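This report describes selected features of a single protein chain. Its topics are exposed residues, backbone geometry, a surface patch and a pocket.

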Amino acid sequence: MITYQAYLVKEVDGSYLGSIEAIEKPEIQDGHIIVDVQFSSLNYKDALSASGPKTGVTRNYPFVPGIDAVGSVTELSLIHISEPTRPY
């Protein structure tokens with residue numbers, strides 16, 4: 001089992017708490033990539049999301065906030081890239 005460190009937000013007795021935890025690396029799915037993240041950031045929407053579902057940003061807990069990241073692709077599954085269609 002391979003794990004990585006991440007900021008995980010979860011529901012505990014009706015409260016939403018975040019902490020750094022070891023999380024198991026998922027199996028790669030078709031059309032997805034695995035990125036070894038070097039740096040990430042949390043923005044306003046991440047903070048809203050971490051405060052619970054009442055904000056409407058996130059519905060499923062637990063989750064790892066943050067969509068802005070820099071890193072290296074370590075795995076990828078089949079990805080079909082096609083020519084763009086008009087209008088771009």
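Is Asp 13 buried or exposed? In this predicted model, Asp 13 has a relative accessible area of 80%; because the threshold for exposed is over 50%, Asp 13 counts as exposed. The residue sits in the loop between β1 and β2 (15-24). Its backbone is also notable: Asp 13 is not a glycine, yet its phi is positive, at about 55 degrees.

A second backbone feature concerns a proline. The peptide bond that joins Tyr 61 and Pro 62 is cis, with omega at about 0 degrees. Pro 62 belongs to the loop between α1 (44-50) and β4.

The table lists exposed residues with their relative accessible areas.

| Residue | Relative accessible area |
|---|---|
| Ile 2 | 54% |
| Leu 76 | 58% |
| Asp 13 | 80% |

Ile 2 lies in the segment before β1 (3-12). Although Ile 2 is exposed, it has contacts beyond its neighbours within four places in sequence, namely with Ile 23, Glu 24 and Lys 25. The C-alpha atoms of Ile 2 and Pro 26 are 8.8 Å apart, while 24 residues separate the two in sequence.

Leu 76 is part of strand β4. With a relative accessible area of 58%, Leu 76 is exposed, and it takes part in a nonpolar surface patch together with Ile 33, Val 35, Val 37 and Val 73. The accessible area of these residues together is about 420 Å². Two or more patch residues come from each of β3 (33-41) and β4 (68-76). The greatest contribution is that of β3, which provides three residues.

Which element supplies the largest share of the lining of the largest pocket? The largest pocket holds about 940 Å³ of space. Its lining comprises 29 residues, of which Tyr 4, Ala 6, Val 35, Val 37 and Val 64 are the closest to the pocket centre. Strands β1, β3 and β4 each contribute at least two lining residues, and the largest share, eight residues, is that of β3.

Strand β3 thus recurs in both descriptions: it gives the most to the nonpolar patch and supplies the largest share of the pocket lining. Val 35 and Val 37 likewise appear twice, as members of the nonpolar patch and among the residues closest to the centre of the largest pocket.

Terms used. Residues are numbered from 1 along each chain as its sequence is written. This is a predicted model: local features need pLDDT of at least 70, side-chain atom pairs count only at pLDDT 80 or more; totals for chains, interfaces and linings use all residues. Side-chain values use heavy atoms; hydrogens and water are left out. Helices (H or I, at least four residues) and strands (E, at least two) are DSSP runs, numbered from the N terminus. Buried means under 20% relative accessible area, exposed over 50%, partly exposed in between (1.4 Å probe, protein chains only). Contact means heavy atoms within 4.5 Å. Patches are made of residues with over 30% relative accessible area and no salt bridge: like charges are joined within 9 Å, nonpolar side chains (Val, Leu, Ile, Met, Phe, Trp, Tyr) within 5 Å. Accessible areas come from the Shrake-Rupley method with a 1.4 Å probe; for residues, only the protein chains shown count as cover. A salt bridge is a side-chain nitrogen of Lys or Arg within 4 Å of a carboxyl oxygen of Asp or Glu. On a 1 Å grid over the protein atoms alone, a cavity is a set of points where a 1.4 Å probe fits but cannot get out, and a pocket is an open set with protein on both sides within 12 Å along at least five of seven lines; lining residues have an atom within 4 Å of a point. Grid points are joined across faces, edges and corners, and a volume is the space filled by probe spheres set on the points.
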